[in-house]
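Me: I've got a model open and I'd like to learn to read it feature by feature. Can you walk me through it?

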Amino acid sequence: MNVEELKQKVIAYSKEIGIDKIGFTTADVFGELKERLRRQEELQYQSGFEKGTIEERTEPRRLLPEAQSIIAIALAYPTRMKNAPRGTKEERRGIFCRASWGTDYHVVLRERLKKLSDYIKELVPDAITKEMVDTGELSDRAVAERAGIGFSGKNCSIITPEFGSFVYLGEMITNIPFPPDSPIEDSCGDCRKCIDACPTGALVQGGQLNAQRCLAFLTQTKSFLADEFRVELGNRLYGCDTCQQVCPRNKQIDFHHHPEFEPDPELAKPKLKPFLKMSNREFKEKFGEVSGSWRGKKPIQRNAMIALAHFKDKTAVNDLIDVMKHDVRPDIRGTAAWTLGKIGTEDAFVAIEMAMEKETDPQVLYEMEKGLQFQNV
Ligand code: SF4
Ligand code: SF4
């Protein structure tokens, strides 16, 4: 069997196992990406979650010396939730971004890639493969772009003609010289809707992301959220879909091909107040399967408090006072104090003043002072 025939067999098999799109590219160095990453490093735009050196991230042969080609895959995920619960005045809700709906996509894509790899090894016993999804060194997006899965939008997503940008990406480096596909000839043109809609101005120079300003990244940090982002956070608990939602290429896009990605509405749009008292174990039991739980409870709990501030939810005041007084983590105590000030009931201000008398952590005291200043607003 020649490599073209093998490629056609792999494509046919990928459809059988529920891969929505597959593309092939060479294992050559990603030169443009290398330049972009260097610029990003200089400008300090990285998230800090990146894996490997710039060389490892752009030179596939550093990861697999025998590399001859890379297979890129994409699975479409839903954008609309059936029976989405609505928050009420007494029970406000937060939102996890769509990439955190259903079973953690890393698990699902890894399983698909493993099946694909097993299949290739059945046909070519001396095949070598190395699979990656999101957390690997290679850039899923750069691979997908070069393999013809989609083009790179100004919102930094890969936009496929079939499924818009709501696709999960994964890849496999192989030692088989599969004939490469061509990149898609398409672009955003004059559109700049995502740049204008980004609440924090994180999309710079069209196609470059300043992760330090991107809410998707900031929702995953564990310490205090900088003041300038607290209002913009709204009720986001994990991730941010704004720059994808406004994209005209995503109009009417909503694919339900994979039961694994169907959201449990109570996990995708959970009530906010229960996060205040949730133990680590309860959090793991309830949210452990979704990708948005990978950083643990703390960032989500902090974001839930900021969301309660956004709603000025007076029904949360008592629980917030408890958190401010008793939580052992200064960032959580401080955020609770700020939230109490933002909600702004008389009880809340009195509680902050009393707690200040016992508080010793300077950062928490600073948040308490900020909370009290809302009295004068
Ligand atoms: Fe801006 Fe949100 Fe897109 Fe980040 S994910 S670039 S914050 S719109
Ligand atoms: Fe491109 Fe417009 Fe979509 Fe942004 S909103 S990614 S500029 S098409």
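Reply: Sure. One term to begin with: contact means heavy atoms within 4.5 Å. Keep in mind that this is a predicted model.

Me: Okay, let's try that on one residue. Leaving aside its neighbours within four places in sequence, which residues is A74 in contact with?

Reply: Setting those sequence neighbours aside, A74 is in contact with I19, D20, K21, I149, V167, Y168 and L169. A74 itself is found in strand β2.

Me: Is A74 buried or exposed?

Reply: The cut-off you need is that buried means under 20% relative accessible area. A74 has a relative accessible area of 0%, so it is buried. Here's another way to look at that residue: A74 and T160 are 86 residues apart in sequence, yet 9.3 Å apart in space, C-alpha to C-alpha.

Me: Now the strand around it. How do I read the two sides of a strand?

Reply: In a regular strand the side chains alternate between the two faces of the sheet. In this model, S69, I71, I73 and L75 point one way from β2, while I70, A72, A74 and A76 point the other way. All of these are buried, which fits the count for β2 of 8 buried residues out of 8.

Me: Which strands go together with β2 in the sheet, and in what order?

Reply: The general idea is that strands of a sheet pair through backbone hydrogen bonds, either parallel or antiparallel. Here 4 strands make an open sheet, ordered β1-β2-β7-β4, with antiparallel pairing. β1 and β4 (129-132) stand at the edges with a single partner strand each, so one side of each has no neighbour in the sheet. From one strand to the next, the twist averages 20°.

Me: How many bridges hold each pair, and which residues face each other?

Reply: Go pair by pair:
- β1 (residues 21-26) and β2 (residues 69-76) run antiparallel and are joined by 6 bridges. G23 has A72 as its bridge partner in β2, F24 stands opposite I71, and T25 is partnered by I70.
- β2 and β7 are also antiparallel, with 8 bridges between them. Our A74 stands opposite L169 in β7, and L75 has Y168 as its bridge partner there.
- β4 and β7 pair in the antiparallel sense over 4 bridges. K130 stands opposite I173 in β7.

Me: How covered are β1 and β7?

Reply: β1 is mostly covered, with 5 of its 6 residues buried. For β7, 8 of the 8 residues are buried, so that strand is largely enclosed by the rest of the structure. Both of its faces are covered: V167, L169, E171 and I173 are buried on one side, and Y168, G170, M172 and T174 on the other.

Me: What lies across the sheet?

Reply: Helix α5 (residues 105-123) lies across β1, β2, β4 and β7 (167-174), and it runs at about 35° to β7.

Me: And when two helices pack, what should I look at?

Reply: Two packed helices are described by the angle between their axes and the distance between the axes. Take α16 (residues 330-343) and α17 (residues 346-358): they pack at an angle of about 145°, with axes 8 Å apart. Their crossing is left-handed. At the contact, A337, L340 and G341 in α16 meet A348, F349 and I352 in α17. By class, that makes 5 nonpolar, 1 polar and no charged residues.

Me: Does the spacing along a helix tell me anything?

Reply: An α-helix has 3.6 residues a turn, so residues three or four places apart point the same way. Have a look at α15 (residues 317-326), where V317, D319, L320, I321, V323 and M324 are buried. What covers the buried residues of α15 includes α12 (274-277), α14 (297-311), α16, α17 and α18 (362-373).

Me: Last one: which residues surround the two ligands?

Reply: List each shell, then sort it by class. Around ligand 1 you find C198, P199, T200, A202, L203, L209, C214, L215, C240, T242 and C243. That shell has 9 nonpolar, 2 polar and no charged residues. Around ligand 2 are K154, N155, I159, C188, C191, R192, K193, C194, C247 and P248. The shell of ligand 2 divides into 6 nonpolar, 1 polar and 3 charged residues.

How values were computed:
Residues are numbered from 1 along each chain as its sequence is written. Chains are lettered from A and ligands numbered from 1 in the order in which they are written. This is a predicted model: local features need pLDDT of at least 70, side-chain atom pairs count only at pLDDT 80 or more; totals for chains, interfaces and linings use all residues. Side-chain values use heavy atoms; hydrogens and water are left out. A residue is near a molecule or strand if one of its heavy atoms lies within 4 Å of it. Ala, Val, Leu, Ile, Met, Phe, Trp, Tyr, Cys and Pro count as nonpolar, Asp, Glu, Lys and Arg as charged, and the others, Gly among them, as polar. Buried means under 20% relative accessible area, exposed over 50%, partly exposed in between (1.4 Å probe, protein chains only). Helices (H or I, at least four residues) and strands (E, at least two) are DSSP runs, numbered from the N terminus. Two strands pair if DSSP finds at least two bridges between them. Axes are lines fitted to C-alpha atoms, for helices over the stretch in contact, and angles run from 0 to 180 degrees between N-to-C directions. A crossing is left-handed if the near helix is turned anticlockwise from the far one by less than a right angle, and right-handed if clockwise.
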